[in-house]
Amino acid sequence: MSKKIVWITGASAGFGAATALRMAKEGHTLALFARRREKLELVAQQCEALGSKTEVFILDVRNADEVSKQTKNAFESLGTPDVLVNNAGLALGLDRFDQANPEHWNQMIDTNIKGLLYMGKAAADYMVKAGRGHIVNIGSLAGKEVYPGGHVYCATKHAVEAITKGMRQDLFKFGIRVSQISPGLAETEFSIVRFEGNIDRAKAVYHGIQPLTAEDIAECIAFVIHQPPHVCIHDIVLTPTAQATSTLINRSQ
Ligand code: NDP
Ligand code: 8X3
């Protein structure tokens, strides 16, 4: 297997951290991006211990200047990225539309849409010059469906779906693959963040089911990345077996 330079956003927790460890086991070179230095450095140490050259780049994907600076640093230090796992994102709140907090809307839109765009463009600039590359955007089942209280989070993931298609249409002629992974319920820090630290409310999201794990999603990302160069997987939708749609969930397990 050829060794790749892999950029992963949101690598301090959840899917991003699991993907970093999955990639480290295969000896790829990693650039890890997130805001929380301590957590990110811990993941990086674990990757290094697995034998992977790993560097951390602290940024907030909502800040275009930080994205520009830190992606330039990653390029100068490690070289042209072969892969971007465009994963950083969050949900905030699950309130009825009229009761929702517009500040939550701003943060979700700025992170899940604009942050993904900033990172995607930064990586694509280098990939177009190299005539190769692979961008894996993390969408969601929430990008296929809308559920009560999910108005803006679902809108941001519908946007990721459109952006993924648009990126592919513009970049395929440069030999760049653009893929999406669209998971349903997965237990990470996601619900703790969504409910602003309310652990009981976060746990209740997964009550009575066996949710997906971060490692399940990392496995899908690895599968997509490891296809031969002539194969581009457009999208993988995965849910727990106990979840048929966003709201049709069998909690009897
Ligand atoms: P976690 O909360 O466990 O991890 C989210 C990661 O995103 C963290 O590393 C966090 O790092 C990073 N992040 C958040 N905001 C920013 C920001 N402004 N700048 C930089 N990094 C940021 O959640 P998941 O791993 O579950 O979620 C990862 C992605 O998967 C998200 O896009 C989410 O929408 C999506 N998703 C999640 C599902 C689930 O059920 N868990 C299902 C489908 C999709 P830090 O705080 O250190 O910056
Ligand atoms: C995360 C999955 O169902 O909580 O994207 O929206 S869900």
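Let's start in the middle of the fold, where β1 and β4 pair in the parallel sense over 3 bridges. Strands here are DSSP E runs of at least two residues, helices are H or I runs of at least four, and both are numbered from the N terminus; two strands count as paired if DSSP finds at least two bridges between them. Before going further, please note that this is a predicted model, in which local features need pLDDT of at least 70, side-chain atom pairs count only at pLDDT 80 or more, and totals for chains, interfaces and linings use all residues. Residues are numbered from 1 along each chain as its sequence is written, while chains are lettered from A and ligands numbered from 1 in the order in which they are written.

Within that β1–β4 pair, I8 has V85 of β4 as its bridge partner. On its other pairing, β4 joins β5 in the parallel sense over 4 bridges, and there L84 stands opposite I135 in β5. The side chains of β4 go two ways: V83 and V85 point one way, L84 and N86 the other, and all are buried. A residue is called buried if 20 or more other C-beta atoms lie within 10 Å of its own, exposed if 12 or fewer, and partly exposed in between, with C-beta atoms placed from the backbone.

Moving along, β5 (residues 133–138) and β6 (residues 176–183) pair in the parallel sense over 6 bridges. I135, which we have just met, stands opposite V178 in β6, and V136 has S179 as its bridge partner there. Strand β6 is mostly covered, with 8 of its 8 residues buried. Both of its faces are covered: I176, V178, Q180 and S182 lie on one side, and R177, S179, I181 and P183 on the other.

Now step back to the whole sheet. It is an open sheet of 7 strands with parallel pairing, in the order β3-β2-β1-β4-β5-β6-β7. Its edge strands are β3 (54–58) and β7 (235–238), each of which pairs on one side only. From one strand to the next the twist averages 15°.

Helices lie across these strands. α4 lies across β1 (5–9), β4 (83–86), β5 and β6, and runs at about 165° to β5. Helix α5 (residues 151–171) lies across β5 and β6, at about 165° to β6. These angles run from 0 to 180 degrees between N-to-C directions, using axes that are lines fitted to C-alpha atoms, for helices over the stretch in contact. Contact itself means that the C-beta atoms of two residues, placed from the backbone, lie within 7 Å.

Helix α1 deserves its own look. At 1.5 Å a residue, its 12 residues should span 16 Å, and its end C-alpha atoms are 17 Å apart, which agrees; the expected span is 1.5 Å times one less than the number of residues. α1 is mostly covered, as 11 of its 12 residues are buried, among them F15, L21 and R22. After α1 comes G27, whose phi is positive, near 80°.

What surrounds the ligands? Of the 30 residues around ligand 1, G10, G14, R35, R36 and G89 come nearest; a residue is near a molecule if its C-beta atom, placed from the backbone, lies within 6 Å of it. α1 (14–25), α4 (102–130) and α6 (190–194) each supply at least two residues of this shell, and α1 gives the largest share, 3 residues. By class, the shell around ligand 1 has 13 nonpolar, 11 polar and 6 charged residues. Ala, Val, Leu, Ile, Met, Phe, Trp, Tyr, Cys and Pro count as nonpolar, Asp, Glu, Lys and Arg as charged, and the others, Gly among them, as polar. Ligand 2 is surrounded by S140, L141, A142, G150, G184, L185 and S246, a shell of 3 nonpolar, 4 polar and no charged residues.

Two single residues round off the tour. T54 sits in strand β3 and is buried, because 27 other C-beta atoms lie within 10 Å. T54 touches A24, L30, L32, A44, C47 and E48, not counting residues up to four places away in sequence. E196 lies in the loop between α6 and α7 (199–204) and is exposed, because it has 11 other C-beta atoms within 10 Å. Phi of E196 is near 50°, a positive value in a residue other than glycine. Most residues other than glycine have a negative phi.
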